[in-house]
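New to this one? Have a look at the structure below, and then we'll walk through a few spots in it.

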Amino acid sequence: VTATLHTNIGELLTNDPAVGAGVGRLHHAALVVSDGLVQWVGPADRAPAADERVDHGGRAVLPGFVDAHTHLVFAGERSDEFEARMAGEPYDGGGITRTVAQTRAASLDELSQRSHRRAAALRAGGVTTVEIKSGYDLTPEGEARLLQIAGGLTTETTFLGAHTIPEDYRHRREDFVAQVVGPMLDACAPYAKWIDVFCDRGAFDVDEARTVLAAGNARGLRSRLHGNQLGATGGVQLAASVGAASVDHCTHVSDEDLEALAAAGVVATLLPSAEFFTQAPMPDVRRFHDAGVTVALATDCNPGTSFVTSMGFVLALAVAHGHFSVDDALWSATAGGAAALQRSDIGRLAVGARADFVVADAPRAAHLVYHQGPDAIAAVYSSS
Ligand SMILES: [Zn+2]
């Protein structure tokens, strides 16, 4: 096994509380990596010898981004809806059925290639772990096909059969819920780690969402949830009551909602680019922090409300419009995302963690928030 010394790191964010509060910042630092794991972290002038040496020239290093919320397996695009929305039409989630039709019609090859391209773009922007949901086919075989493609890109696969009510079930929604928890779950459970529901106005109500999550749990899938994006519709309280790993969006939350999340230890995954592209109010992260809620940031990459394959863009929005400090945004996109996926091996750079990290092309990690473009990043390392 070869040990590699990564040295001359101008600023190292470890997210290790033993190093320091918040991002656990070290200056003039080094890392030793072997077998895909971090073996040593500390000041460069005290680094142990290693077989190979990489000099980072004073650049900043931070944990790879963990994008804990994407829908990146789909066909087609909906720029026409974006254009109409910007001209004043409200978003109600109805456009999902258009992507369902385009995705059903796409070949396996096309879907697979497009998904790989999006995942590669995320990675070039520093994402080393991505969560991917199904939800754009809504038939048993079709949802399983999407999850198999997702499984080629990540172990963090999520069955989202309860994404929207398809056109042909519009007047018999209870039949569709039965379909999701029956044949669709049967076909998808082998390919999914998580179960998710779009619990919101115009989508699934709290009782329907509870039924879907319970069915998934019974098949060994763990819960995560879309909640309170379009209104205060009870999704956040449901996430707290079932002990979901994360509730995502949280655009409309009360103080009671935040207390419930903190008490239940449920992560709030904020998706500022979805708010940006739907011109919705962006949640103020200070309320979440004051309540003691752990916050993650993710891209929500999807063709309707956030066709975003850049975590840097999400970070910039969080800081410019969500009241995040730069350090808090970087923490939420790394350690926060890891918490949302209940992973302790990623999102931090400490002994034993996976050696997944980003090298900024500048001495400060804040560079990745204010410099938008692929040239902000010098290199991305990951153990897989
Ligand atoms: Zn989503």
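## The zinc site

Is the site of the zinc ion regular or irregular, going by the angles among its four donor atoms? This is a predicted model, and in it the site comes out as irregular, with angles of 81 to 170° among those four atoms. The cut-off helps here: four donors count as tetrahedral if all angles lie between 85 and 135 degrees, so a span of 81 to 170° doesn't fit that label.

Who holds the zinc ion? The protein donors are His69 (NE2), His71 (NE2), His226 (NE2) and Asp300 (OD), at 2.0 to 2.5 Å from the ion. Along the sequence, the donor residues follow the spacing H-x1-H-x154-H-x73-D. One pair links distant parts of the chain: His69 sits in the loop between β6 (65–67) and α1 (79–86), while His226 belongs to strand β11 (residues 225–227), 157 residues apart. Both His69 and His226 are buried.

## Thr14, tucked into a loop

Next stop: the loop between β1 (3–13) and β2 (25–34), where you'll find Thr14. Thr14 counts as buried because its relative accessible area is 0%. Its side chain reaches the backbone nitrogen of Asp16 at 3.0 Å. Beyond its sequence neighbours up to four places away, Thr14 touches residues including Val19, Val41, Pro63 and Arg348.

## Ile195, in a strand

Ile195 is part of strand β9 (residues 194–199). With 1% relative accessibility, Ile195 is buried too. Setting aside neighbours within four places in sequence, Ile195 is in contact with several residues, among them Thr158, Phe159, Leu185, Val212 and Leu221. As for Asp67, it lies 128 residues from Ile195 in sequence and 17 Å from it in space, C-alpha to C-alpha.

Methods. Residues are numbered from 1 along each chain as its sequence is written. This is a predicted model: local features need pLDDT of at least 70, side-chain atom pairs count only at pLDDT 80 or more; totals for chains, interfaces and linings use all residues. Side-chain values use heavy atoms; hydrogens and water are left out. Donors are N, O and S atoms within 2.8 Å of the metal (3.2 Å for Na, K and Ca); water is not among the atoms, so sites may look incomplete. Four donors count as tetrahedral if all angles lie between 85 and 135 degrees; four count as square planar and six as octahedral if opposite donors are over 155 degrees apart and all others between 65 and 115; anything else is irregular. Helices (H or I, at least four residues) and strands (E, at least two) are DSSP runs, numbered from the N terminus. Buried means under 20% relative accessible area, exposed over 50%, partly exposed in between (1.4 Å probe, protein chains only). A polar contact is a pair of N or O atoms within 3.5 Å; within protein, one must be able to donate a hydrogen and the other to accept it, and residues adjacent in sequence count only if both atoms are side-chain atoms. Contact means heavy atoms within 4.5 Å.
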